[in-house]
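Below is a short note on the pockets of this model, written for someone who has not looked at it before. Please read the points with the structure open.

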Amino acid sequence: MPKLIVANFKMHGTQPFIEDWFTNFPLEKASSKHVVVALPATYLASFRDYGLCLSGQNVSSMEKGAFTSQISAEMLKDCGASYCIIGHSEAREQLNESNESIHDKYLQLKDANIQSIFCVGESLEVKESKMTESHLEDQLSAFDNDSEGLIIAYEPIWAIGTGLVPTISEITEVVTNIKERFNNPVKVLYGGSVNASNAQNLLEKTNIDGLLVGGASLNPQEFAKIAQLC
Ligand code: PGA
């Protein structure tokens, strides 16, 4: 069973940039079922038939109604998304998202039959005060132990876009704790400064089930190198 590899484009790309990206992504689409691309929502529909799974980067916690600017789970589904990232640290911080609202997003996605990729991760301050475990537990607290089919992305905030990556034993410990918290199998991805040079070590030496890749995913050749390892 291949590991899951997710490209997070964040707020990057234009129609021609993404067309070039797909044209230059060198792997056979048929052998890339484990590859997911989280595009800005405005481009999802245009790339729904390009052969890779698509993901949203966020979703409303509400089903529908007077929520100007928001995008519902049903709308993402209509545009071809089968996954959606929720709880990314950038959205938590910039959009002031709470653990409760993120859990509501998860429920909306579940109803729309979209797989959530639920992000958790600690700041440097939390890490340095050795509070990572309780911080992650707090972020997971809205999910009961019997939740099924979860995909969780462990993304330490201090590792995102910085070139810093936790040690193999730090990642393994966090991932083990997350998996042990649930009674059913959960997949745990790692994200934060993953690139073609460090991906193999992370995949082989830790117990992660895949990778969430930001900056390095914007280069289709580099992203394909990582995807090939999964
Ligand atoms: P990065 O971002 O790979 O650029 O560190 C990862 C993410 O934020 O998902």
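1. The lining of the second largest pocket divides by class into eight nonpolar, two polar and eight charged residues. The model is a predicted one, and the pocket volumes below are computed from it.

2. The second largest pocket holds about 420 Å³ of space. Its lining is made up of 18 residues, and those closest to the pocket centre are Thr132, Glu133, Glu173, Val174 and Asn177.

3. Which helices each supply at least two residues of this lining? They are helix H7, residues 132-140, and helix H8, residues 168-181. H8 gives the most to the lining of the second largest pocket, with six residues.

4. The largest pocket has a volume of about 800 Å³. A total of 26 residues line the largest pocket, and the closest to its centre are Gln57, Asn58, Ala91, Leu95 and Glu97.

5. Three helices give two or more residues to the lining of the largest pocket: H2 (41-44), H4 (89-94) and H5 (99-111). The largest contribution to this lining comes from H4, with three residues.

6. How many residues of each class line the largest pocket? The lining has 10 nonpolar, 12 polar and four charged residues. For the second largest pocket, as stated in the opening point, the figures are eight nonpolar, two polar and eight charged.

Definitions and conventions:
Residues are numbered from 1 along each chain as its sequence is written. This is a predicted model: local features need pLDDT of at least 70, side-chain atom pairs count only at pLDDT 80 or more; totals for chains, interfaces and linings use all residues. Side-chain values use heavy atoms; hydrogens and water are left out. On a 1 Å grid over the protein atoms alone, a cavity is a set of points where a 1.4 Å probe fits but cannot get out, and a pocket is an open set with protein on both sides within 12 Å along at least five of seven lines; lining residues have an atom within 4 Å of a point. Grid points are joined across faces, edges and corners, and a volume is the space filled by probe spheres set on the points. Helices (H or I, at least four residues) and strands (E, at least two) are DSSP runs, numbered from the N terminus. Ala, Val, Leu, Ile, Met, Phe, Trp, Tyr, Cys and Pro count as nonpolar, Asp, Glu, Lys and Arg as charged, and the others, Gly among them, as polar.
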